[in-house]
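Work through the exercises below with the sequence and the model in view. Each task is followed by a solution in steps.

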Amino acid sequence: MMDLNDDGPATEWLELLEVAEANAETDFETAFCESLREKFDAYGSRARLSDAQEHKLRCIAQGGGFWERGV
């Protein structure tokens, strides 16, 4: 689980989210990034991601490898 208090400063999490937002291609990816942005805006440094959410975020940020992407 990604916890901003344990896993590093909020800037790292936000940078990853910013890259993922720029790389989002599908409606799912866009909605996923929007929901994480809302979560961070609501909870700030208390925001946490499950392991699955962190994995999805990293896949989108890396620009590929997520099951929703077209070939």
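**Exercise 1.** How many disulfides does a search of the whole structure find?

*Solution.* The model is a predicted one, in which local features need pLDDT of at least 70 and side-chain atom pairs count only at pLDDT 80 or more, while totals for chains, interfaces and linings use all residues. Residues are numbered from 1 along each chain as its sequence is written, and side-chain values use heavy atoms, with hydrogens and water left out.
Step 1: take the criterion, a pair of cysteine sulfur atoms within 2.5 Å.
Step 2: apply the search to the whole structure; it finds zero disulfides.
Step 3: look at the burial of cysteines, where buried means under 20% relative accessible area, exposed over 50%, and partly exposed in between (1.4 Å probe, protein chains only). Cys 33 is buried at 1%, and Cys 59 is buried at 9%.

**Exercise 2.** Compare the span of helix 2 with its expected value, and locate its buried and exposed residues.

*Solution.* Step 1: helices are DSSP runs of H or I with at least four residues, numbered from the N terminus.
Step 2: the expected span is 1.5 Å times one less than the number of residues. For the 17 residues of helix 2 (residues 27–43) this gives 24 Å, and the end C-alpha atoms are 24 Å apart, which agrees.
Step 3: the buried residues in helix 2 are Glu 29, Phe 32, Cys 33, Leu 36 and Phe 40. Seen down the axis, they fall within an arc of 95°, so they line one face of the helix; the arc is taken from the directions from the helix axis to the C-beta atoms.
Step 4: on the face turned away from the buried side are the exposed residues Asp 27, Glu 38, Asp 41 and Ala 42.
Step 5: after helix 2 comes Gly 44, with a positive phi near 55°.

**Exercise 3.** Which residues form the two salt bridges, and where do they lie?

*Solution.* Step 1: the criterion is a side-chain nitrogen of Lys or Arg within 4 Å of a carboxyl oxygen of Asp or Glu.
Step 2: Arg 37 pairs with Glu 21, with the closest N and O atoms 2.8 Å apart. This pair links distant parts of the chain, Arg 37 in helix 2 and Glu 21 in helix 1 (residues 10–23), 16 residues apart. Arg 37 is partly exposed at 24% relative accessible area, and Glu 21 is partly exposed at 31%.
Step 3: Arg 58 forms a salt bridge with Glu 54 (3.1 Å, N to O). Both lie in helix 3 (residues 51–61), four residues apart, about one turn of the helix. Arg 58 is partly exposed at 35%, whereas Glu 54 is buried at 17%.

Methods: Helix = DSSP H or I, 4+ residues; strand = E, 2+ residues; numbered from the N terminus.
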